[in-house]
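Let's take a walk through one protein model, looking at a strand and then at a pair of helices. Keep the structure open as you read.

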Amino acid sequence: MEPIVSIQGLTKTYASGLHALKPLDLEIRRGEIFALLGPNGAGKTTLISIICGIVTPTSGTVVADGHDIQRDYRAARSKIGLVPQELTTDAFESVWATVSFSRGLFGLAPNPAYIEKVLKDLSLWEKKDAKIMTLSGGMKRRVMIAKALSHEPRILFLDEPTAGVDVALRRDMWQMVRGLRTSGVTLILTTHYIAEAEEMADRIGIISKGELILVEDKATLMSKLGKKQLTLNLPNRLAAIPSELADLRLKLAPSGTELIYTFDAQDARTDLPTLLRRLTDQGITFKDLQTSQSSLEEIFLSLVGDRK
């Protein structure tokens, strides 16, 4: 299937000499949720701004739903909705007027039924006549999403969409995001809540110092880079790990009642039955065991930390 966004050789160097983006290639699949992660200053906002036509690239091409963002700007931009980090709305306008006006900016005829659906989907319908200035931060964030959806885009960028949003609103917002994906909208999000990316995204991209260092299906990424831990609960306190087990990746918890073994599930050399037999040979028994896997946040920190 042809990607909905295709980026080739994209770079951005500002007048100050800052290389915000180094040669970058990326294809975003139609209908997916793609999470772009990276530390502050990594180039996330620059990349999004270029795709949305806000910033001019130094070199390279971006095609959005078949339209080059520079040669065919209007057509490309009409396919894209953007929810920026900053809350920029006319404080004295009503919710209805603000969202309807945004639709008109793209030259589309009024469609009250569609605007009503968007506001209801975002739990804004009861606030349709309220002035923006009277809304909470979370509600203003929802208005920004409604504005971005007003012209029925096929690609939606969410730049830190849940910043400052309480837990209940965040949950509702992600339910809305899933609904958009189901309707055929492709979503690209940046977030500092890496657990959200882990829950929501189909694929993960990690950017650091202007370079895209990894793009991977989430499940594959978790499988390839996620370490697993086996925790053995001991019936009696162990003073130290026997020297005969020094070659194993074992760690004794400070309490002395837990042994922790970290391993790579993809490593053919990992042999848990042999591990347990060697523990038994040393007179170490256990009453319970649990396994856990590294979170996406731990993987992210390890990848970005390696580049400092």
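## Before we start

A residue counts as buried when its relative accessible area is under 20%. Bear in mind that this is a predicted model.

## A strand tucked inside

Let's begin with strand β3, which covers residues 33–37. Is β3 largely enclosed or not, and why? Five of its five residues are buried, so the rest of the structure largely encloses β3.

You can check this one face at a time. On one side sit I33, A35 and L37, and on the other F34 and L36; all of them are buried, so to speak of either face of β3 is to speak of a covered one.

## The neighbours of β3

Which strands are joined to β3? One of them is β8 (residues 186–190), linked to β3 by four bridges, and the two run parallel. Here, look for I33 of β3, which stands opposite L187 in β8.

Strand β9 (residues 203–208) is joined to β3 too, with four bridges and a parallel run. In this pairing, L36 of β3 stands opposite G205 of β9.

## Two helices that cross

Now find helix α3 (residues 95–105) and helix α4 (residues 112–121): they pack at an angle of about 120°, and their axes are 11 Å apart. That angle is why α3 and α4 are described as oblique to each other. Their crossing is right-handed.

Who does the touching? From α3 it's V95, W96, V99, S100 and R103, and from α4 it's P112, Y114, I115, E116 and L119. Sorted by class, this contact of α3 with α4 has seven nonpolar residues, one polar and two charged.

Conventions: Residues numbered from 1 in each chain as written. Predicted model: local features only at pLDDT ≥ 70, side-chain atom pairs only at ≥ 80, totals over all residues. Heavy atoms only, no water. Axes fitted to C-alpha atoms, helices over the stretch in contact; angles between N-to-C directions. Parallel < 35°, antiparallel > 145°, perpendicular 65-115°, else oblique. Left-handed = near helix turned anticlockwise from the far one by under 90°. Contact = heavy atoms within 4.5 Å. Nonpolar A, V, L, I, M, F, W, Y, C, P; charged D, E, K, R; others polar. Buried < 20%, exposed > 50% of the residue type's maximum accessible area, 1.4 Å probe, protein only. Pairing = 2+ DSSP bridges.
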